[in-house]
Number of protein chains: 2
Amino acid sequence: MNNKHTFENIAKIKTEFPTKFGIPRQSGLIPTLKGKIVFEPKYRNPEALRGIEGYSHLWLIWNFSESESKEWSATVRPPRLGGNKRVGVFATRSPYRPNPIGLSSVKFEGLCNEKDGSVSILVSGADLLDGTPIYDIKPYIPYTDSHPEAVGGFAEGVFGNKLTVVYENGCETIFSGDDKLSLDEILASDPRPAYQDDAERIYSFEFSEYKIKFKVEEKNLKVFEIQKAE
Amino acid sequence: MNNKHTFENIAKIKTEFPTKFGIPRQSGLIPTLKGKIVFEPKYRNPEALRGIEGYSHLWLIWNFSESESKEWSATVRPPRLGGNKRVGVFATRSPYRPNPIGLSSVKFEGLCNEKDGSVSILVSGADLLDGTPIYDIKPYIPYTDSHPEAVGGFAEGVFGNKLTVVYENGCETIFSGDDKLSLDEILASDPRPAYQDDAERIYSFEFSEYKIKFKVEEKNLKVFEIQKAE
């Protein structure tokens, strides 16, 4: 019996995140984050999108491409539990799964006609690394997909603990509009690996072609440098 | 660049549906439908499930195994639109997709200790064919997965049109309890291919080791025979 199946990338997503660090831990937490789904040449058929405007949200099924070389493990230590409690991998959305498949709901923002005649999909709320391979795009059907009454295990109630973000040295003027709102939210959501607690430590990550450097002391996050990334 | 990825079945689901016909068109429509997820030998590690009891709902990512040999097409004709209107495949949950990956939310009903020491997962609301290969199991996190405000395109409002179900010739006594509730609901949801309208036509499908035969005249579905399947 054939126990394996081969899937092909149908598209890649373009986002503001060139590296994994800084990416929100769950999709949809930062609604202003923009992404564009660009189809691979073989799948550039605008007919395949007919009727997609009728939906407000989409599912993306994608590949944890950065984690692929690592082995899966039966238990993982979620950063949100302080990094010292082990939980079964199927009780988490960790990338270190037997099959490194990611699942994210995003908002459908529109279609974009590219110069070559192909059509891309604009989305927001995407928590994906720039260049992430996409396997499937499905409409979000609230009748069967939305369960507001669902109980969320240990992931519940951990998103409320926001940091206060302060920009220093003129850093506040570099971004504006949605990019600024997105960055505010990424920082307030605490992009540190959660088991670290060192007020002197300098953290950095890349966002929208810039390198963001910050420190955290208790509940205060200070951005002290934003530089064009190399 | 590697454009393909190979995934392995981690489990199979056991359900009451030996054939595709009769399966609800979307997951969760029939909450009494039971399923059991049995892990493949390589993945029989109960540690991987630690903490899963904290969630009320799970995502299953699975393979449309019955559709695999067919080619994908850019547009499909959803049965719910009468079978004569073409819609882009990415605006549907059709199985004839570039990668035949299915996505279903189910209710977590408990864990089951098997004789061989392995642990299976009991779920309900599963719309999957018996023996469907599973690639991934993820917790449903309402904070990021539930969007009750989402707009559902053409799939909206089409689930309300129920048929009136009548059992004849003693057929009403064969099932009881949850199985009876499930069957009532499957039949009321109209399991016919939607573009057929012939009061004399006999339809049949298999459910829980029985063959169910019925006819439909306007809004009335008559079950006239239920026999043990061969």
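These are my notebook entries on a predicted model of two protein chains, A and B.

**Entry 1. Confidence and overall make-up**

I began with the confidence values of the prediction. For the complex, the predictor gives an ipTM of 0.83 and a pTM of 0.84. I then looked up chain A by itself and found a mean pLDDT of 87, with 89% of its residues at 70 or more.

For the secondary structure of chain A, I noted 2 helices and 13 strands. Chain A has 230 residues, of which 52% count as buried. I also looked at how far along the sequence its contacts reach. Among contacts between residues at least 6 apart in sequence, 67% join residues at least 24 apart.

**Entry 2. How the two chains are related**

I superposed chain A on chain B. A rotation of 180 degrees with 0.0 Å of shift along its axis achieves this, with an RMSD of 0.0 Å. I recorded this as the relation of a two-fold axis.

I next asked how many residues each chain brings to the contact. The count is 74 residues from chain A and 74 residues from chain B. Chain A and chain B bury about 6900 Å² between them, and 60% of that area lies on carbon and sulfur atoms. I looked up which three residues of chain A contribute more than any other three, and they are His5(A), Phe7(A) and Phe90(A), which supply 12% of the area that chain A buries against chain B.

I also compared the two sides of the contact. Of the interface residues of chain A, 100% are also interface residues in chain B, so the copies meet through the same surface.

**Entry 3. The barrel of chain B**

I traced a closed barrel of 6 strands in chain B, in the order β2-β3-β8-β7-β4-β9, and noted that the pairing is antiparallel. Neighbouring strands of this sheet are turned by 45 degrees against each other on average, direction ignored.

I followed β4(B) to its partners. Strand β4, residues 57–63 of chain B, is joined by 5 bridges to strand β9, residues 133–139 of chain B, and the two run antiparallel. Within this pair, I found Pro139(B) in β9(B) as the bridge partner of Leu58(B). With strand β7, residues 101–113 of chain B, β4(B) shares 7 bridges, again in the antiparallel sense. There Trp59(B) stands opposite Ser105(B) of β7(B).

I then moved from β7(B) to strand β8, residues 119–124 of chain B, and counted 6 bridges in an antiparallel pairing. Ile121(B) in β8(B) lies opposite Leu111(B). β7(B) and β8(B) form a hairpin with 5 residues between them, and Gly117(B) in the turn has a positive phi of about 90 degrees.

**Entry 4. Glu40(B)**

I looked up Glu40(B), which sits in the loop between β3 (34–39) and β4 of chain B. Is Glu40(B) buried or exposed? Its relative accessible area is 13%, which is under the 20% limit, so Glu40(B) counts as buried.

I listed its contacts, leaving out residues up to four places away in sequence. Glu40(B) touches Asn3(A) of the other chain, and also Asn9(B), Ile10(B), Ala11(B) and Lys12(B). I checked one distance as well: Glu40(B) and Pro18(B) are 22 residues apart in sequence and 20 Å apart in space, C-alpha to C-alpha.

**Entry 5. The open sheet of chain A**

In chain A I traced an open sheet of 4 strands in the order β10-β13-β12-β11, with mixed pairing. β10 (164–167) and β11 (203–207) of chain A stand at the edges, each with a single partner strand, so one side of each has no neighbour in the sheet. The average turn between neighbouring strands here is 30 degrees, direction ignored.

I found 5 bridges between β11(A) and strand β12, residues 210–217 of chain A, which run antiparallel. Ser204(A) stands opposite Lys213(A) of β12(A).

**Entry 6. Two residues with positive phi**

I noted Glu209(A) in the loop between β11 and β12 of chain A. Although Glu209(A) is not a glycine, it has a positive phi of about 70 degrees. Its relative accessible area is 57%, and Glu209(A) is exposed.

I noted Asn169(B) in the loop between β10 (164–167) and α2 (177–188) of chain B. Asn169(B) is not a glycine either, yet it has a positive phi of about 55 degrees. With a relative accessibility of 63%, Asn169(B) counts as exposed.

Definitions and conventions. Residues numbered from 1 in each chain as written. Chains lettered and ligands numbered in written order. Predicted model: local features only at pLDDT ≥ 70, side-chain atom pairs only at ≥ 80, totals over all residues. Heavy atoms only, no water. Pairing = 2+ DSSP bridges. Axes fitted to C-alpha atoms, helices over the stretch in contact; angles between N-to-C directions. pLDDT = per-residue confidence, 0-100. Buried < 20%, exposed > 50% of the residue type's maximum accessible area, 1.4 Å probe, protein only. Contact = heavy atoms within 4.5 Å. Least-squares fit on C-alpha atoms with pLDDT ≥ 70 in both. Buried area = accessible area lost by both parts, 1.4 Å probe.
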